[in-house]
Amino acid sequence: MKKITKLVAAALGALAIFFTTSVKAQTAAQPSAWGFGIGLEAGIPTGNATDISNFEIGGTARLEYNANKMIAIMLTSGYYDMIGKAAPNGVDFPSLGMVPVKVGVKIYVSPGFYIDGEAGAGFDTSYENHTKLIFSPGIGYAGKSWDAGLRYENYSGNNNSFGLVGLRLAYDFGM
């Protein structure tokens, strides 16, 4: 019985040393101030865009600079496609393509959960090549490598205003 007790005590001691060493090693490492993520987008058009589309799909790349533990600065660009729908007269509307270029801020309100806001320009690639002003508030959750965000995005300019409610699921590669 003494041998088993000594063996269990030695094993527990080894585990304790292993875990305390691991914890110290992880707390000593500093996370990178920069992050880079690729996201898939899906959304529902709003406003005048509902005349030509029922669904939006796209992809974005986002560069983030973590100013501190609570605030990150973002630069986002990519491509959105508001898929054209069939018109009542049987002629399909062409899709509306948009290239957004936005800067913004992400504020963490509790571990992982954030609110964000972005502003920038949207470049129409389908109709009349107009440039739209973009405002985009949102909420989300960012884990170690994944980010899920829900936002409303408004496009205005050239006597037209529309938007979308979108979901972005992204993988962060870190840097």
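Which strand is K102 found in? I'm working on a predicted model here, and I looked this residue up before anything else. K102 is in strand 4, which runs over 96-110.

**K102**

Buried or exposed, I asked of K102? I get a relative accessibility of 1%, so K102 counts as buried, the cut-off being under 20%. Next I looked for polar partners of its side chain. The side chain of K102 makes a polar contact with the side chain of Y80 at 3.3 Å, and there is another with the side chain of E118 at 3.2 Å. Leaving aside neighbours within four places in sequence, I find K102 in contact with M74, L75, T76, Y80, E118, A119, G120, I134, S136, R151 and E153. I also checked a C-alpha distance: K102 and S77 are 25 residues apart along the chain, and their C-alpha atoms are separated by 6.4 Å.

**T60**

T60 is in strand 2, residues 53-66. At a relative accessible area of 4%, I log T60 as buried. Its side chain makes a polar contact with the side chain of R168, at 2.8 Å. Not counting residues up to four places away in sequence, T60 touches G37, I38, G39, E41, T76, S77, G78, Y80 and R168. Y80 is also on the contact list of K102, so I noted that name for the core entry below.**The largest nonpolar core**

Which residues make up the largest nonpolar core? I list A49, I52, Y80, M82, L96, M98, I134, Y155, F162 and L164, ten residues in all. Strand 3 (71-84), strand 4 and strand 8 (160-172) each supply at least two residues of this core. I then pulled the contacts of Y155, one of the core residues. Setting aside residues up to four places away in sequence, Y155 touches Y80, M82, M98, K132, L133, I134, N160, S161, F162, G163 and L164.

**The loop between strands 7 and 8**

I went through backbone angles here. N158 is in the loop between strand 7 (146-157) and strand 8, and its phi is near 55°, a positive value in a residue other than glycine. N159 is in the loop between strand 7 and strand 8 too, and phi of N159 is near 55°. How exposed is each? N158 is partly exposed, with a relative accessible area of 41%, whereas N159 is exposed at 85%.

**The cavity**

How many cavities of 30 Å³ or more are there? I count one. The largest cavity has a volume of about 110 Å³. Its lining comes to 15 residues, and R62, D116, G149, R151 and R168 lie nearest its centre. Strand 2, strand 3, strand 5 (113-124), strand 6 (131-142) and strand 7 each give two or more residues to that lining. By class, I have four nonpolar, four polar and seven charged residues in the lining of the largest cavity. R168 had already turned up as the side-chain partner of T60, and R151 as a contact of K102.

**The second largest pocket**

The second largest pocket holds about 230 Å³ of space. I find it lined by N48, A49, D51, I52, L96, D124, Y127, E128, H130, K132, N160 and F162. That lining divides into five nonpolar, three polar and four charged residues. A49, I52, L96 and F162 appear in this lining and are also members of the largest nonpolar core. K132 and N160 line the pocket, and both touch Y155.

Definitions and conventions: Residues numbered from 1 in each chain as written. Predicted model: local features only at pLDDT ≥ 70, side-chain atom pairs only at ≥ 80, totals over all residues. Heavy atoms only, no water. Core = buried A, V, L, I, M, F, W, Y, C linked by side-chain atoms within 4.5 Å. Buried < 20%, exposed > 50% of the residue type's maximum accessible area, 1.4 Å probe, protein only. Helix = DSSP H or I, 4+ residues; strand = E, 2+ residues; numbered from the N terminus. Contact = heavy atoms within 4.5 Å. 1 Å grid on protein atoms, 1.4 Å probe; cavity = no way out; pocket = protein on both sides within 12 Å on 5 of 7 lines; lining within 4 Å. Points joined across faces, edges and corners; volume = space filled by probe spheres on them. Nonpolar A, V, L, I, M, F, W, Y, C, P; charged D, E, K, R; others polar. Polar contact = N/O pair within 3.5 Å; in protein donor to acceptor, adjacent residues only side chain to side chain.
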